[in-house]
Amino acid sequence: MLARARRRHPITFRSVHALDIFDLARVNLTSPAVLAFVLGALSVAIRSDLRLPEAVYQFLSIYLLFAVGLKGGVALSAASPGEVLGPAFAAIMLSAAIPLAAYPTVRLLGRLRIQDAASIAAHYGSVSVVTYTAAAAYLARIGEPVEAFLPALLALMEMPGIIVALVIAQWRLGTSSGLGEAVRETMTGRSVVLLGGGLIIGLLAGTDGVGPVRPLFVDLFAGVLVLFLLDLGISAAQRARDVLRGGRFLVAFGITAPLVFGTVGAFTGTLVGLSPGGATVLATLSASASYIAAPAAVRIALPEANPGLSLAAALAITFPFNLVVGIPVYHQVAQWLHRLPFLAG
Amino acid sequence: MLARARRRHPITFRSVHALDIFDLARVNLTSPAVLAFVLGALSVAIRSDLRLPEAVYQFLSIYLLFAVGLKGGVALSAASPGEVLGPAFAAIMLSAAIPLAAYPTVRLLGRLRIQDAASIAAHYGSVSVVTYTAAAAYLARIGEPVEAFLPALLALMEMPGIIVALVIAQWRLGTSSGLGEAVRETMTGRSVVLLGGGLIIGLLAGTDGVGPVRPLFVDLFAGVLVLFLLDLGISAAQRARDVLRGGRFLVAFGITAPLVFGTVGAFTGTLVGLSPGGATVLATLSASASYIAAPAAVRIALPEANPGLSLAAALAITFPFNLVVGIPVYHQVAQWLHRLPFLAG
Amino acid sequence: MLARARRRHPITFRSVHALDIFDLARVNLTSPAVLAFVLGALSVAIRSDLRLPEAVYQFLSIYLLFAVGLKGGVALSAASPGEVLGPAFAAIMLSAAIPLAAYPTVRLLGRLRIQDAASIAAHYGSVSVVTYTAAAAYLARIGEPVEAFLPALLALMEMPGIIVALVIAQWRLGTSSGLGEAVRETMTGRSVVLLGGGLIIGLLAGTDGVGPVRPLFVDLFAGVLVLFLLDLGISAAQRARDVLRGGRFLVAFGITAPLVFGTVGAFTGTLVGLSPGGATVLATLSASASYIAAPAAVRIALPEANPGLSLAAALAITFPFNLVVGIPVYHQVAQWLHRLPFLAG
Amino acid sequence: MATVPMTLLTIVAEEVLEQRLVRALHDAGIAGYTVTPARGEGARGLRHGANGANIRLETITTTEAADGLLDHLRAHYFANYAIVAWLSDVRVAREEKYQPEHR
Amino acid sequence: MATVPMTLLTIVAEEVLEQRLVRALHDAGIAGYTVTPARGEGARGLRHGANGANIRLETITTTEAADGLLDHLRAHYFANYAIVAWLSDVRVAREEKYQPEHR
Amino acid sequence: MATVPMTLLTIVAEEVLEQRLVRALHDAGIAGYTVTPARGEGARGLRHGANGANIRLETITTTEAADGLLDHLRAHYFANYAIVAWLSDVRVAREEKYQPEHR
Ligand SMILES: Nc1ncnc2c1ncn2[C@@H]1O[C@H](COP(=O)(O)O)[C@@H](O)[C@H]1O
Ligand SMILES: Nc1ncnc2c1ncn2[C@@H]1O[C@H](COP(=O)(O)O)[C@@H](O)[C@H]1O
Ligand SMILES: Nc1ncnc2c1ncn2[C@@H]1O[C@H](COP(=O)(O)O)[C@@H](O)[C@H]1O
Ligand code: NA
Ligand code: NA
Ligand code: NA
């Protein structure tokens, strides 16, 4: 209704729009997850000794990856192949394409070493589970419906970008040795096993089979995320010094890249027929940078890369940017694109 | 109905009352939380190797503090300022006043050193999250209604008593150096950051924003408390030796202090217009002694104090006393005060 | 209805039966818990670095034992003594009898040392909490009703078999010293304290008292089990080498023993008046081998026993066998026995 | 700061032994020790998760007391338990703190 | 590989001291250290759970810097905190990595 | 108890290296080691939480084997990973337990 009303009165719409952005940013800014991230960062600023025990941090990340995979698998098990195929293909292509754009940008404009450029490309080619979840929660709160199979796209976009970035590095460095080993170690790494394993378990168990474990893996998810973000806020604030070292380029890239990739994602999503909500999620996935799976993979494959640079960009710049500014913006973009007759026809 | 009936037939009431106390103590004694505390203590007695892993203990305390803060914040966000102001002011004053009474008592009657007297005063000036929760659960089980904003009072009573006690110590020891640093370290300590941060997050997010994280932070709270109390029971039993060392005074203080402070709390609560349930909770808060936030703060500010003494009193004497005897008694006192026309008019 | 129909048309029934077994095995095979076990085992095969932090593994096992005990206690508190007495007596007798059969079998056919034979007898005399839960979940999924007090039987079957096996060892080794100490250490060990303590707490608190902690200890149980099984799958796969060392006998025993003990359990259960579902559970308990309580107890009492052998049999052979093949088979057996007029009269 | 030589005994053992090892320390008059959870691998296979974990216990004491404890370990645990132990030379500041109390 | 002698300072202390100890290391120009969570027992009783846990901090540095830190511990913490510290001799490969940075 | 000298190699490294380090130990014929989770700080910044944690691995072996492993670490990991390693002298009771198995 609202959408139709808007389409008829573009002028009214624009003012509504301006209002929306602020209102919606507020919605996102007052979510417990975002506030917990801020609390974590502040606690570093005031030199608090707050921190999750290491074993707990690892457990929470295991939980999140597995729960996301499981949800994706259940979503896939309930979706019709025809409906998923297009978006799935688009998601994989997006993930693979992002490093192709990110690598030369970082290398040429940022003048970073091959290894660092490829490392950053790998982080942005992959996705952030937490950013994805924030987008999903945001859309739920504002009442924007989304396709049920979106969690599956998240799982599909974890790996391709990492592999493409590693291949670029191998090619530019002229070393062919070790790529196979690196891909193997990445594919057998914790993140992929948990996400992929969860996906397959969800697919095989289906909605009914997963029923009894929903209280842990579905109902608690948002709460666990809050605790995880508390610790992420701490880590991000500790990375602040690295951001300064990385210089102005890193900051500029950490803000521009998600806007560009997010817009491309929203465009692609609309093109393959996703709803405005679904396109917002695909945009968010494209715009997000990994800080769980990618760092581990890159450590193995590109040890000469400085992990501080890519982690600082992904976690201390792009992640909070997406949380606070990005997601509402991608949503506006997706809505706008959706009204273009030649696109969403 | 019952209350009104009681007021009319004081004689009937007295016999009901006598019955009540036992009945209600039974209700409290058979709560899984109290029983878990006993199980923990017994497991020490039979020399079992039962114990939570250290990382888990720390995680549970992080969870409890944050969850309590969050609940308090949501409660505040929903309350009207007029309704909260009086009780909030009373709570802060109570917390600040308790060390003023506790310090000279411990110093003169107990003949303890300045540092130890101030340390004990700090512990009793602050509050016990777990005792608070037991009182809330108790009132819920017997169907006594309470004000929704009570969790906020808990958060407000965490710090003032600690600070007053530290100032007393500084004054009596004649050292002026280090108080600012001590207060700073206390305010940036884990407990305060989690409780205060949770409070602010709850306040900003409000009932709606907190909705998705309720399954973790609200629904699981009582269960997590059971596991936490299992470990507390172990620690309390291990403190038994310290109690013996502390002598008869420590035991007497650990029982008398909560009764006195609890009665004052019930009185003050009734005076500022709290319901019988609300006054019971304020009494319990006054009567309870901290064993999470206070020990950490005192370690920093008063390193010469023997942490064994205050922890033994707070955890091994006052805590179980409040759980089993105190809470039902404070409830009776609050009900009785509430019937005094000049008080609760 | 179905059962009655079957009884009348044995031929139809047989084909239904054949269908059932596969169908039901599928139900069990696609439960997230079983799939998580497989994922854990696979992750070892592909040399992933997936593994729960040690502190988390210990916490999950503490949680599971306590939750099972609690559930058992609540079940007992709600049951009428007359109803429970027969099955409880049968359960204790079964647990005590199994080592009397297992010990000579292992000693004579397997030609293992006294210590190793007694150790294996202790593991099979005790029970597996996780296998029990899988059986309960399986029956719930296929809609087979069970007695509410079954969790109590689980708790009762934990210890007797271990003690009998230790007495056998003491007798055969001719050493009388140390049995009392061994039994004491077993009874005060974590597993027994948690299971027994949980049982008593559940009994005292009753259905109402346990209400507030249900979200943690009941609703989350199935989900926690999935994470626990992920790690168990890892451990089981790492035990694969021990299985090979143990030779063909260990494999044969790990498969035959549960079938025999399971059938005896189903028979006994039917005899004492359990429903087909209840008899299936008693069969599963008899068929299952402990890998939490028994290993700890045996380490203390029979240090010369090789823990690799018994753990490999219990965890790497019998456990997955019961999960995938055993439970549906015991169910069929229990249904079949239940139709024998002279048994279930 | 003036330091005095002392002996550090480190024991890595299956965690089921923790209480007994602590009792052995107490019996030897040693009141101080530090424990960290550990996993590991050795002659008795991988140790973590369902296989049971290890603890890593260290205590600073006199050479004689440390030797005595090592004898105790050999007599009671070396043959049948996952356990290793080693001695090293350290220097500490407060000598009296590490003298076993003879009882 | 050619190794050079260096000193390892190990501190086991109540965890409330962690931030201060790290600050003391930084003040002494030491940039590297490793921390593991620990529990234990000593003159100040059992340390775990509600009693508060310990940390086990170790840093490799020069003998002089280690001695200086030990002095610092004695001046500030030995009297009133649950803490023990010891020095031991180790050999490392990259000497320059462990030289305190004088600021 | 009669003890024999042996060498303790301690490695603190980012946890992503655990499997490789264990493989290197096995390749050197060493079957025993102990791992404790750790955090820390060094030339490569703070290590815990999202920055990735460390492990602390220790193995008792012969001086030759320890030297060989140190060479291996230098060749493969010192340049690019958060890692430190040190050797120390220890005394053990069961010498044969710590001899690398040549394969
Ligand atoms: N050479 C070694 N160096 C360090 N730790 C060892 C060594 N051998 C064994 N360990 C540790 O001691 C435990 C028991 O060893 P074992 O009795 O050989 O199985 C192992 O699980 C390891 O944690
Ligand atoms: N002799 C010792 N050897 C090793 N660690 C010790 C020793 N004494 C104390 N500790 C550790 O240092 C902490 C503080 O010791 P204390 O100050 O004596 O209470 C204890 O909790 C133990 O973890
Ligand atoms: N001087 C040192 N003493 C003890 N541990 C250190 C030292 N320097 C670094 N480490 C540990 O080794 C890890 C890697 O060090 P680095 O490669 O310097 O970043 C750090 O995270 C610390 O845990
Ligand atoms: Na991306
Ligand atoms: Na108080
Ligand atoms: Na059994």
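Which polar side-chain atom lies 2.8 Å from an oxygen atom of ligand 1? In this predicted model, that atom belongs to D:Asn54. Ligand 1 itself sits between chains D and F, and chain F also supplies polar atoms to the site. An N or O atom in the side chain of F:Lys97 is 2.4 Å from an oxygen atom of the ligand. On the backbone of F:Gly32, a polar atom lies 3.4 Å from a nitrogen atom of ligand 1. On its own, ligand 1 has 470 Å² of accessible area, and the protein covers 97% of that.

The shell around the ligand draws on both chains. Strands S2 (33-42) and S5 (83-92) of chain D and strands S2 (33-42) and S4 (54-61) of chain F each give two or more residues to it. S2(D) makes the largest contribution, four residues. There are 21 residues around ligand 1, and those that come nearest are D:Ala43, D:Arg44, D:Asn54, F:Thr34 and F:Lys97. Sorted by class, the shell holds nine nonpolar, six polar and six charged residues.

The two chains that flank the ligand can be compared as copies. Two copies of a chain are related by a rotation about an axis and a shift along it. Here, a turn of 120 degrees with a shift of 0.0 Å along the axis lays chain F on chain D with an RMSD of 0.0 Å. This is the relation of a three-fold axis. The copies nevertheless use different surfaces, as 15% of the contact residues of chain F recur in chain D. Within chain F, the residue closest to the rotation axis is F:Thr36, whose C-alpha is at 4.4 Å.

Terms used. Residues are numbered from 1 along each chain as its sequence is written. Chains are lettered from A and ligands numbered from 1 in the order in which they are written. This is a predicted model: local features need pLDDT of at least 70, side-chain atom pairs count only at pLDDT 80 or more; totals for chains, interfaces and linings use all residues. Side-chain values use heavy atoms; hydrogens and water are left out. Copies are superposed by least squares on the C-alpha atoms of residues with pLDDT of at least 70 in both. Contact means heavy atoms within 4.5 Å. A residue is near a molecule or strand if one of its heavy atoms lies within 4 Å of it. A polar contact is a pair of N or O atoms within 3.5 Å; within protein, one must be able to donate a hydrogen and the other to accept it, and residues adjacent in sequence count only if both atoms are side-chain atoms. Accessible areas come from the Shrake-Rupley method with a 1.4 Å probe; for residues, only the protein chains shown count as cover. Ala, Val, Leu, Ile, Met, Phe, Trp, Tyr, Cys and Pro count as nonpolar, Asp, Glu, Lys and Arg as charged, and the others, Gly among them, as polar.
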